[in-house]
Amino acid sequence: MSQLLLEIFSEEIPARMQQGAARDLERMASDRLKAAGLTWDALTTYAGPRRLTLVIDGLPAATPDRNEELKGPKASAPAQALEGFLRKTGLTQDQLVERDGVWFAEISSKGRATTEVVAESVDDIIRHFPWPKSMRWGTGTLRWVRPIKRILALYDGAVIPFEVDGIPSGDVTEGHRFMGAGQPFAVKDFADYRQKLERNFVLLDAADRKLRILEGAKAVCAAKGLALVDDDGLLDEVSGLAEWPTPILGDMDPQFLALPPEVVQLSMKVHQKYFAVREPGKEGLAPHFVVVANVEATDGGAALAAGNAKVLSARLSDAEFFWTEDQKVGFDAWNAKLKDVTFHAKLGTLAERVDRIAALAREIAPLVGADPAQAEQAARLSKADLASGMVGEFPELQGIMGGYYARLAGQPDAVADAIRDHYKPQGPGDTVPTAPVTVAVAMAEKLDTLVGFFAIDEKPTGSKDPYALRRAALGVLRLDTDNGVGLELRGNSLLFDHLRRMKGFEGVDYVRAAPLLDALTFGFLSDRLEVMLRDRGIAIETVRAAFGRTLSGFKPVSLVESVEALAAFLATDDGANLLAGYKRAAQLLKAEEKKGPLPYGAVATGLPNQPAEETALAFAAAAAASAVDAALEAEDFAAAMTALAALRGPVDAFFTAVMVNSDVAEERENRLKLLVQVRGVMNRVADFGQIAG
């Protein structure tokens, strides 16, 4: 067993493409080598600013010999079938074997040298690599993200000889563009390769580069009594920009701290890839930044810091200009501009969208404990900053800038906060707003998105979700369930009335609207809620069982509470044993249904020689039915589970002492009615068949 080392060395690979490229290299190499019959002990890929690297340990010297038997047509089949089989196998009829009236082809092939397979695979990988963007260079036909300079390919320390579009393989690579030896160098295996790269100021592993950045940045901050503002996204990106990352602390003109901190930090991040800095124990930012250089400067980075400070000042001067000019314009002018901005060709302008959100926010407000007038006002101002200069320069600040401008304009804090946070939550890890006005506006904004795009039949398909409807749905569900709102999203007129605000749906009647709203709530939102609960660690069968009970409306809070109550019940002995009893009853009833319709109706309790266990279960089922109905009416799902728990003993005793399939027809019919009743009582709480199988 030997080692394969492959490096594709090129001009600078964009940082945002490196992690995906490492995954693609791993996938493509694995697929091709497995298809050839090769196995290995470990496969690892690395990506950096100028190289993609693959190392495989435990790779055999050759693919295994292959002996394969293919079944063909019957000997009596038409001649065309036999001819097709011969073409497929590449054999002649006299090479086939007839067995039990069927033709078989026995195909044997000798193994191939691993180096031969690797050479073909590397050529294929390079020519078909799925870069988001690629280019050609010189006179060749090859496409790559940037021009390829070298291909290093070693197996067991020896070069695998091949070339790709005139680029020969070899055992040579090179180190840092500026700090390295300045000359290419040969390597013999991965350990030698990695060691020599580090001696030439190249950290191969992105994890090592991140650690060097983080530790270095914290150290230069700590030396000045400062603290680094953590930014994992920026850390990921910067680790792909430098082969030997060296953090340097720079100074920023303190006058720019008058800007909102989000503006300063985003300007640093987006344009310059700088980390922000703060003073421990104080709010806001400190007048400093950390830049990650790709060299160790002889002056300790002083010149680099000064140069980057000048560039940052120019960037922040632009931001300062937008901040000042925006305050001269204001919300009325911005909202007027929204009348000329199309939200979607079928859903009208942004101004029309704002009107819809405002109306819906006002309706939701009393349901979440918010002031309706404030909710409507916040909604009417929520999209205005999209027309501001600052958001035009930094789209990531939409909402945030609106909140700042609203405060400067004298709007109440509740309104300004709602404008700032109405896009939240924007993902599973984002915080969920709790302020009532914010909840009303945030929920209205997302529901408008969902109703609108379902109305024009722009639903997500497969992995494609161009309008982020899954994110909007998750946002609605988290706003509702995390805050315990209890919004009824189907079963009242809230969404129907909002649908009628959509362009082209003003006069839609309920009959036409119902299938659309059912698809949104019982279909799409229900699926998203299922995913959300599954991500919280609740078994999918439990979720589907709770969702499977008959619902007159779609109320996420109630559904979540029912799932949690069911999960807790099933974790008890009563729950586990009652589920076993349910399964036994369901199997028996299923078998009886094959013979004919099941009997329904009242269960008799005064039959001659009726076992006490049968009578006890009949009374227990009737009592449980009343208790369950009362509990469900009150949405007290824990009480519903307690009512079911009372059935555990009577069900166990019934199956122990009573023969359901009695020879006496009257007894058999009564006992089947009783089991139908028990199954029905349990299914009012949850579809236990989803769990019992």
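These questions and answers go through selected local features of a predicted model.

Visitor: How are the rings of Trp-334 and Tyr-405 arranged: stacked, edge-to-face or tilted?
Guide: The ring centres of Trp-334 and Tyr-405 are 5.2 Å apart, and their planes meet at 50°. Planes under 30 degrees apart would count as stacked and planes over 60 as edge-to-face. An angle of 50° fits neither, so the pair is tilted.

Visitor: How many residues apart in sequence are the parts that this pair ties together?
Guide: Trp-334 belongs to helix α9, residues 331-337. Tyr-405 belongs to helix α13, residues 400-408. The pair therefore ties together parts whose separation in sequence is 71 residues.

Visitor: Is Trp-334 buried or exposed?
Guide: A residue counts as buried under 20% relative accessible area. For Trp-334 the value is 2%, so Trp-334 is buried.

Visitor: Which residues form one aromatic cluster with Trp-334 and Tyr-405?
Guide: Tyr-405, at a relative accessible area of 4%, is buried. Trp-334 and Tyr-405 are members of one aromatic cluster. The other names in that cluster are Trp-323, Phe-331 and Tyr-404.

Visitor: Which helices do the buried residues of α11 pack against?
Guide: Helix α11 covers residues 372-381, and its buried residues are Ala-375, Glu-376, Ala-378, Ala-379 and Leu-381. The buried residues of α11 pack against α9, α10, α14 and α15.

Visitor: Which residue caps the N-terminal end of α11?
Guide: A side-chain oxygen of the capping residue is 3.1 Å from the backbone nitrogen of Ala-373. That oxygen belongs to Asp-371.

Visitor: What is the relative accessible area of Thr-173, and is this residue buried or exposed?
Guide: Thr-173 is part of strand β11, residues 172-173. Leaving aside neighbours within four places in sequence, its contacts include Glu-7, Phe-9, Leu-152 and Tyr-193. Buried means under 20%. Thr-173 has a relative accessibility of 0%, so the answer is buried.

Visitor: Which side chain makes a polar contact of 3.2 Å with that of Thr-173?
Guide: Among the residues in contact with Thr-173 are Arg-51 and Arg-150. The polar contact of 3.2 Å is between the side chains of Thr-173 and Arg-51.

Visitor: Which are the edge strands of the open sheet of three strands?
Guide: The strand order is β4-β6-β5, with antiparallel pairing. An edge strand pairs on one side only, and this holds for β4 and β5.

Visitor: How many bridges join β4 to β6?
Guide: Strand β6 is made up of residues 102-109 and runs antiparallel to β4. One of the bridge partnerships links Asn-67 with Ser-108 in β6. The bridges that join β4 to β6 number seven.

Visitor: Which helix packs on the sheet, touching β4 and β6?
Guide: The direction of this helix makes about 165° with that of β4. The helix consists of residues 79-89, and its name is α2.

Visitor: What is the phi of Phe-201?
Guide: Phe-201 is in the loop between α4 and α5. At 24% relative accessibility, Phe-201 is partly exposed. Its phi is positive although Phe-201 is not a glycine, with a value of about 60°.

Visitor: Which residues does the cis peptide bond with omega of about -10° join?
Guide: One of the two residues, Pro-425, is in the loop between α14 and α15. The cis peptide bond joins Lys-424 and Pro-425.

Methods. Residues numbered from 1 in each chain as written. Predicted model: local features only at pLDDT ≥ 70, side-chain atom pairs only at ≥ 80, totals over all residues. Heavy atoms only, no water. Phe/Tyr/Trp six-rings, centres within 6.5 Å; stacked < 30°, edge-to-face > 60°. Helix = DSSP H or I, 4+ residues; strand = E, 2+ residues; numbered from the N terminus. Buried < 20%, exposed > 50% of the residue type's maximum accessible area, 1.4 Å probe, protein only. Contact = heavy atoms within 4.5 Å. Polar contact = N/O pair within 3.5 Å; in protein donor to acceptor, adjacent residues only side chain to side chain. Pairing = 2+ DSSP bridges. Axes fitted to C-alpha atoms, helices over the stretch in contact; angles between N-to-C directions.
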